[in-house]
Structure formats: C-alpha cells, structure tokens
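Here's a quick tour of one chain, from its overall make-up to its sheet and its cores. Have a look at the model first.

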Amino acid sequence: MSVLMTLRQCLGRRGMTACLGFFLLMSGASVVHAHPLPEPEGDVMLTVEGDISRTNGDGVARFDRAMLKALPQDTIVTHTPWTQGVSHFDGPLLGAIYDAVGARGDSLHVIALNDFAADVPLAEAKEYGVILAMQRDGEPMPVREYGPLFVLYPFDDHPELQTEEVRFRSVWQVARIVVE
C-alpha cells in the first residue's frame, strides 16, 4: 500500500490523532531516543559526547559498569600485540554504545586517560564486532593492564586487522568517546 493511500485512509477515517501517530512513525521518530539515559549509580567509567541525542548529563552520556554491562555484549578470543597468549575479552559492542546514545556521526574519537586518542570508523566497528573490553579472562581490567576499558578488535579472526593502523585504533585505558 502506498504512503499516499495510507495517508488518505488516515485522514478519512481516523482523525488528527491517528495521523499524528502515522507521521511520527513514518518520520523514524523513536520513543527510545526520546528519553534520557538513566543516571549512573556507580563510578562513571565512560563518558560519550558529541553528535548524540540521548544524555544523562549536560550534553553527555555517562556510563557506570552496570550500564555498560546492560548493553549488548560480546566476547573476543584473540592474541593481541600487547598481551601474552590468547585471552578472552568481554565487553559491550562499540556499535551498541553508539546506538544507546542515539549517535548520528560516522566516527568515534576514542580518548584514553592519558589523552592519547584515535578515530574508530563506525562502519569498521560494526563490521568486525569491535568491543569496549571491560574484562580479560573473566576479571575486570585494572588501569595498569589496559583497563578499565580497551577498544578491542578480533585480531585472530581477521588477519587483515593486523596492521599498524588498526593497532593504533586499539585504545586502552579509554575514558571518553566523542561521536563525530
């Protein structure tokens, strides 16, 4: 059924309230993005800012450990250039964080505690299932061991990721993300 025919039916039978609902649906408006994020109850581990529509602060989205764990998670089992042997890394998908804050940009500017920064293309993060690792081998990652958050690619599953450019994007000790 065409949009024009649906519009005619809406106007003819249902009145203005139904039409408003129809136009909101067709415009892609989302109830999820209309509400702010909940306030973190624990220590803030990650702050996301930039081109986002869902916040819980003054233009920023702040996440504690529980909020990050509530997002869609994945496990990456891989070697890294920085750790010994194969490790199991667990954490939320970068794409899930992007979705949770109602982001609109196509790049994630990831900033570490020491202000080191790198840009992770959103398309690449989604294609490869890049995570923001919170745990290594079942344990939270302390700052001295790449934590508390670590941008992690599935290096062993995709040999094409074993480049200097991708290693540069694998920021550890992540504190903030700016959506651009």
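What follows covers the chain as a whole, then one sheet, then the nonpolar cores.

## Ground rules

This is a predicted model, so to speak of local features takes pLDDT of at least 70 and side-chain atom pairs count only at pLDDT 80 or more, while totals for chains, interfaces and linings use all residues. Residues are numbered from 1 along each chain as its sequence is written, and side-chain values use heavy atoms, with hydrogens and water left out.

## The chain

There are 6 helices and 11 strands (DSSP runs numbered from the N terminus: H or I of at least four residues, E of at least two). Of the 180 residues, 42% are buried (under 20% relative accessible area, 1.4 Å probe, protein chains only).

## The sheet

Four strands form an open antiparallel sheet in the order S3-S4-S8-S9 (two strands pair if DSSP finds at least two bridges between them). S3 (73–78) and S9 (139–140) are the edge strands; each has a single partner, so one side of each lacks a neighbour in the sheet. S3 pairs with S4 (residues 87–92) over 6 bridges, and Thr75 has Asp90 of S4 as its bridge partner.

## The cores

The largest nonpolar core (buried Ala, Val, Leu, Ile, Met, Phe, Trp, Tyr and Cys joined through side-chain atoms within 4.5 Å) holds 38 residues, with Leu46 and Phe63 among those with the most contacts inside it. Helix H4 gives this core its largest share, 5 residues. A second, separate core has 8 residues, including Ile131 and Phe150.

Beyond its neighbours within four places in sequence, Phe63 is in contact (heavy atoms within 4.5 Å) with residues including Leu37, Leu68 and Val101.

Methods. Buried means under 20% relative accessible area, exposed over 50%, partly exposed in between (1.4 Å probe, protein chains only).
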